[in-house]
Amino acid sequence: MEVLKTKDLLIGYKDNVILPPINVSLNSGDLIALIGPNGAGKSTLFKTLTANIKPIGGSIKLYNRELSSYTSKEKSTMIGLVLTERPDDMFLKVYDVVASGRSPYTDFFGRITDEDNNIIKESLEIVNIIHLKDRYFNALSDGEKQKVMIAKTIAQKTPIIFMDEPTAFIDYPSKIELFSIMRKLSKERNTTIIFSSHDLELLLRYTDDIWMISKGKELLSFKKEELLKSEKIREYFNLNESLVFFDERIY
């Protein structure tokens, strides 16, 4: 089932368009990696597709309805977004941060129900941080904070999740764990997940569909096998011809 589709989408700030028109679609259960060099526009694309900034042109349809027509509350029950920004309230505990993911479903007073508590606990367990629930968020390591923000988004129970560099602050075993979690959510819960990453080795092991962008160049969509054979990756990453970027026998 198609959940999101763009038509001639132009992204950027004010009148500064940073990429050619984008025509892509997302389906239920897709697990898609977005790759590209720094400054290519990955964060801008994510913020546009999640209605955090307005497109310069074109359209974005969410479940065959213009994204701009949804209310903030409606969007918050349909699209989750994990960014690199974190809460700076020094008195928030881990449980409180994850509980904030339930805010689209609470009443006027923000009361947490038993069902909400079960979802929060489950989200903490999925990311394997239930033991941190009573710790203060600001006392955690960068990697632990990242896991908390991912648990918060899982608790939000949206059918679509965007993650901007979710593995940026975590160690290698935790990266493998996170890729496994994303794959499990997409396959078992039919959650659509698109994430940006520089961990090319791992994303090639855990994902099948890849989007690639570079500054001023069109967004390209590949199956993993196609990317491994494409010379476009050298062009988009400005690689020297003598550099062996992938050994496709590994993947």
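Buried means under 20% relative accessible area, exposed means over 50%, and partly exposed lies in between, with a 1.4 Å probe and protein chains only. Helices (H or I, at least four residues) and strands (E, at least two) are DSSP runs numbered from the N terminus. The model you have open is predicted, so local features need pLDDT of at least 70 and side-chain atom pairs count only at pLDDT 80 or more, while totals for chains, interfaces and linings use all residues. Residues are numbered from 1 along each chain as its sequence is written, and side-chain values use heavy atoms, with hydrogens and water left out.

**First stop: helix H1**

Select residues 42-49, which make up helix H1, a mostly covered helix in which six of the eight residues are buried. Which residues of H1 are the buried ones? They are Lys42, Thr44, Leu45, Phe46, Thr48 and Leu49. Then move to Ala51, in the loop between H1 and strand E6 (57-62), where phi is near 65 degrees, a positive value in a residue other than glycine. Most residues other than glycine have a negative phi. Ala51 counts as partly exposed because its relative accessible area is 30%.

**Second stop: helix H6**

Now select residues 172-188, the 17 residues of helix H6, which should span 24 Å at 1.5 Å a residue, and whose end C-alpha atoms are indeed 24 Å apart. The expected span here is 1.5 Å times one less than the number of residues in the helix. Colour the buried residues of H6, which are Ser174, Lys175, Leu178, Phe179, Ile181, Met182, Leu185 and Ser186. They cover an arc of only 155 degrees around the axis, so they lie on the same side of H6; the arc is that of the directions from the helix axis to the C-beta atoms. An α-helix has 3.6 residues a turn, so residues three or four places apart point the same way. On the other side of H6 you will find Pro173, Lys184, Lys187 and Glu188, which are exposed.

Show the surroundings next, and see that the buried residues of H6 pack against strand E5 (31-35), helix H4 (114-126), helix H5 (142-155), strand E9 (160-164), strand E10 (192-196) and helix H7 (200-206), where contact means heavy atoms within 4.5 Å. Following H6 is Asn190, whose phi is positive, near 60 degrees.

**Third stop: Leu124 in helix H4**

From H6, go to Leu124, which lies in helix H4 and is buried, with a relative accessible area of 0%. Leaving aside residues up to four places away in sequence, Leu124 touches Val94, Tyr95, Val98, Ile129, Ile130, Lys133 and Ala151. To follow one of these, select Val98, whose C-alpha atom is separated from that of Leu124 by 7.8 Å, although their places lie 26 residues apart along the chain.

**Fourth stop: a surface patch**

Turn to Phe91, in the loop between strand E8 (79-82) and helix H3 (94-99), which is exposed, with a relative accessible area of 61%. Add Met90 and Tyr136 to the selection, since these three form a nonpolar patch on the surface with about 370 Å² of accessible area together. Patches are made of residues with over 30% relative accessible area and no salt bridge, like charges being joined within 9 Å and nonpolar side chains (Val, Leu, Ile, Met, Phe, Trp, Tyr) within 5 Å. The areas come from the Shrake-Rupley method with a 1.4 Å probe, and for residues only the protein chains shown count as cover.

**Last stop: salt bridges**

The structure holds eleven salt bridges, each being a side-chain nitrogen of Lys or Arg within 4 Å of a carboxyl oxygen of Asp or Glu. Select Lys147 and Glu177, whose side chains meet in a salt bridge at 3.0 Å, N to O. This pair links distant parts of the chain, with Lys147 in helix H5 and Glu177 in helix H6, 30 residues apart. Is Lys147 buried or exposed? At 14% relative accessibility Lys147 counts as buried, whereas Glu177 is partly exposed at 21%.

Select Arg65 and Glu74 next, a salt bridge of 3.2 Å, N to O; Arg65 is partly exposed at 34%, and Glu74 is partly exposed at 30%. Then find Lys223 and Asp209, whose closest N and O atoms are 2.7 Å apart in their salt bridge. Lys223 lies in strand E12 (residues 220-223) and Asp209 in strand E11 (residues 209-212), so that the pair links distant parts of the chain, 14 residues apart. Finish with Glu122, Lys157 and Arg189, which salt bridges that share partners join into one network.
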